[in-house]
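Biologist: I have a few "how do you know" questions about this model. Shall we go through them together?

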Amino acid sequence: MATRKNTRSPAPHVSDSHDLIRVHGARVNNLKDVSVEIPKRRLTVFTGVSGSGKSSLVFSTIAAESQRMINETYSTFVQGFMPTLARPDVDVLDGLTTAITVDQQRMGADPRSTVGTATDANAMLRILFSRLGEPHIGPPSAYSFNTASVRASGGITVERGADRTRTVKATFNRTGGMCTRCEGRGSVSDIDLTQLYDDSKSLAEGAFTIPGWKSDSQWTVQVYAQSGFVDPDKPIRKYTKKELQAFLYGEPVKVKVNGVNLTYEGLIPKIQKSFLSKDKEAMQPHIRAFVERAVTFTTCPECEGTRLSEGARSSRIERLSIADACAMEIRNLAEWVRGLDEPSVAPLLAALQRTLDSFTEIGLGYLSLDRPAGTLSGGEAQRVKMIRHLGSSLTDVTYVFDEPTIGLHPHDIQRMNDLLLRLRDKGNTVLVVEHKPETIAIADHVVDLGPGAGSAGGTVCFEGTVDGLRAGDTVTGRHFDDRAAVKESVRKPTGALEIRGASAHNLRDVDVDIPLGVLTVVTGVAGSGKSSLVHGSIPSGENVVSVDQSPIKGSRRSNPATYTGLLDPIRKAFAKANGVKPALFSANSEGACPTCNGAGVIYTDLGMMAGASTTCEDCEGKRFDASVLEYHLAGRDISEVLAMSVAEAGEFFGAGEAATPAAHRVLGRLADVGLGYLSLGQPLTTLSGGERQRLKLATHMAEKGGVYVLDEPTAGLHLADVQQLLGLLDRLVDSGKSVIVVEHHQAVMAHADWIIDLGPGAGHDGGRIVFQGTPADLVADRTTLTGEHLAAYVGP
């Protein structure tokens, strides 16, 4: 028998020396020649105040370069179909591995996108039913609510050799599972015609009441008035049946208006295409208000909200249809799949079982596969994206996470920590941008950026172990062990907001009185029904200002000045001081540099390679025409004002020759939410997630409301910034407002006047109120998960 010799070399192999990711001279966004060495196959957490440069280093430098280099391995033909990525502004990037990014981006709000379609669980279920379902109705597409049934027949031309063709008859059939009434959306829309037009007026008299349709010169209005299908001078209520049919439901047809060929289409399909096909959250506020007023969505009466055709609903496996399976909580569905014993589909059952078990393991077992993807919170969306990576056999991969604990109750954070450690222990490099001390504490290596935010950040303040961070004199180190005390005296409510019989989603006929005139915190584990109670049951009216987690959208031309409306009073002040039009002081209008069209840079498209951008030589990046920069306000031109920070601009517009009360009020709100360091003209695309949320909060603070509803305002906030947020909430309440906060952060709970705790679990196990009272009462009670964690947080 041959003996095995130990052939291992005593000296380490040269390949084992590449155990670091080296970054030298990173200058993306606000990074100032940052150099770090990150250990591979370890868990590294990046900390620092919001806006200090964490995302710029991790996502825009390390992950972006890894993705760019992987894309370069494909042929130039394939690269032409992929997003082009520019090389980050960095001197050296060495030791990179394949990066898998799991970010906080909310999933698309397409009405046909669900949890099942986003995770491929639906695809596996469809195959399962197409093999085992009784009666058998067709292939997997027959169970898909995104596939319509199609039948077609006719002649097709077939080529037979050189110059010989013949026409043959062909028939095509495709069986789909889409409900024909709602087209796979699960709901049907009913449009209130009284909100579209005033039927006592004619089109010539301005009958339309749709936002943006009031002007007689507006092309859309002219198409209807000059189409020839209706009399523009006749009141709409006097239209004949034929005219009304053409006006409301006319098929698309070409018409000539003022010598221009345009498309005429009935008003109802026009509204459906213009407004109802878009994400409501992405609409401007006045457009969204119009849609909410004019359109009511009701459950489809034919499919009862299942989105599926009658045939798809009739096919069953052990008395369960695919619609029933998708409506079950995933943890219950996993048990049902585990009970199926069919050797012919054993590999499929095993793969489906793994996917469904991953949901439960990651704390999302309370979801159902038919849950619309757009209704998931940022934290839920991120965990759904993690599912496909949990069972992966890949190793030596770099996983990049953006605050994975957002939206998690303290009870759930330990489970997330276990998942991060499991990914690391499989031999992967895990990079996490995080603020929560519970997750920072499990790190093998910590990189702390700062010391401040924006231009005051962008440097590495500390690199080392968690114990070293605690002992270090950085902002994160000093606040790492911060604990809040329970408020001793609480405010007395001035009234109550009554909610009776709330049953949205998993709520179980909840009756609750939310006190007014105080700071109320609604808490509970993820999926317990907090958002359903607050956003689904509090009546939205003129007196309620709701700030949810939907991200603000903006191009590279958008900046804090344009987003908050600050630029309007500034332009008017410049125009008044110089006796010219306000439009001259807009880089998106008449004042734009003609060479770069107000962008400040010249973009050159290089096909499949990343486009190049160079600073415009004519305006030197200032974005304005040279003649505009000759106009001054208190000695400053418009480009110098936009280069100011919020704090500088607050002093500039607060007194003296440039005093502009309207601008000063907006700047004061930006400073209140901790954005005093941002420059007014900084593109929104360069802001971090936390900065964007606070910018949104500052904008909503201008609205005249008596009740403010905030959804996790601490998301993206550093430990040091939470105290400033609490001060802002106090000022809102002291000014006579009622503030209702959905929150998991214990410091906010401890600072509340009243706590409403939902639970006891998630999904079907939640939906009930398990505690109401003051924070001190909750700590003393300790019968709920929230009470236990808050008691541990505040200490004895």
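What follows is a short conversation about confidence, exposure, helices and contacts.

Modeller: First, the ground rules: this is a predicted model, where local features need pLDDT of at least 70, side-chain atom pairs count only at pLDDT 80 or more, and totals for chains, interfaces and linings use all residues. Residues are numbered from 1 along each chain as its sequence is written, and side-chain values use heavy atoms, with hydrogens and water left out.

Biologist: What is the mean pLDDT of the protein, and where is confidence lowest?

Modeller: pLDDT is the predictor's confidence in each residue, from 0 to 100. The protein has a mean of 87, with 95% of its residues at 70 or more. Confidence is lowest in strand β23 (residues 609-615), with a mean of 74, and highest in strand β3 (residues 43-47), at 97. Strands here are DSSP runs of E, at least two residues, and helices are runs of H or I, at least four, numbered from the N terminus.

Biologist: Why is Y74 called partly exposed?

Modeller: Buried means under 20% relative accessible area, exposed means over 50%, and partly exposed is in between (1.4 Å probe, protein chains only). Y74 has 41%, so it counts as partly exposed. Y74 sits in the loop between α1 (54-71) and α2 (76-79).

Biologist: And R478, why is that partly exposed?

Modeller: Its relative accessible area is 48%, so R478 is also partly exposed. R478 belongs to helix α17 (residues 475-479).

Biologist: What is R478 in contact with, leaving aside its neighbours within four places in sequence?

Modeller: Contact means heavy atoms within 4.5 Å. With those neighbours left aside, R478 touches G472 and D473. Along the chain, R478 and A720 are 242 residues apart, yet their C-alpha atoms are separated by 8.8 Å.

Biologist: How do you know that the span of α12 agrees with what is expected?

Modeller: The expected span is 1.5 Å times one less than the number of residues. Helix α12 (residues 346-361) has 16 residues and should span 22 Å; its end C-alpha atoms are 22 Å apart, so the two agree. Its buried residues include L348, L349 and F359. Just after α12, G363 has a positive phi of about 90 degrees.

Biologist: Which elements help cover the buried residues of α20?

Modeller: The cover includes α19 (560-563), α21 (638-642) and α23 (661-672). Among the residues buried in α20 are L567, I570 and F574.
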